[in-house]
Amino acid sequence: ALTVLRDYYGGDSEEAEASMLQQPAPPVKHSKATGAGTGIIGILEVVESDFAKNLSKEEGEEADAESEYQKVTQENKVTKT
């Protein structure tokens, strides 16, 4: 930083201004990796499918257990009275 300031204030002002106005090269744009996302997306699709299948299975089992509970509860009420 000191070198830049010394050059600017100590040298020819037009040359110094021109050197100060130089812009750096534009940055290289990021490009997406080819093929990297498809593996991750595939894994997520499998996980989603497994969760949906297991959720459906659990909800069915829960409904069956609830109906069995209601049936036994009703039988107990009938035999109790």
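A residue is called buried under 20% relative accessible area, exposed over 50% and partly exposed in between (1.4 Å probe, protein chains only). By that scale, glutamate 58 is partly exposed, with a relative accessible area of 47%. The model is predicted: local features need pLDDT of at least 70 and side-chain atom pairs count only at pLDDT 80 or more, while totals for chains, interfaces and linings use all residues. Residues are numbered from 1 along each chain as its sequence is written, and side-chain values use heavy atoms, without hydrogens and water.

**Fold and confidence**
- The protein has 3 helices and 0 strands, where helices are DSSP runs (H or I) of at least four residues and strands (E) of at least two, numbered from the N terminus.
- Mean pLDDT, the predictor's confidence in each residue from 0 to 100, is 79 for the protein, and 64% of its residues reach 70 or more.
- Among the elements, helix H2 (residues 13-21) has the lowest mean pLDDT, 59, and H3 the highest, 90.

**Exposure**
- Of the 81 residues, 1% count as buried.
- About 7900 Å² is exposed, 58% of it supplied by carbon and sulfur atoms; areas come from the Shrake-Rupley method with a 1.4 Å probe.

**Surface patches**
- Patch residues have over 30% relative accessible area and no salt bridge, with like charges joined within 9 Å and nonpolar side chains (Val, Leu, Ile, Met, Phe, Trp, Tyr) within 5 Å; a salt bridge puts a side-chain nitrogen of Lys or Arg within 4 Å of a carboxyl oxygen of Asp or Glu.
- Glu58, found in helix H3 (residues 36-80), joins Glu59, Glu61, Glu62, Asp64 and Glu66 in a negative patch.
- Ile43, Val47 and Phe51 form a nonpolar patch with about 310 Å² of accessible area together.
- Isoleucine 43 lies in helix H3 and counts as exposed at 56% relative accessibility.

Methods
Lys and Arg count as positive and Asp and Glu as negative; His and the chain ends are not counted. The place of a charge is taken as NZ of Lys, CZ of Arg, CG of Asp or CD of Glu.
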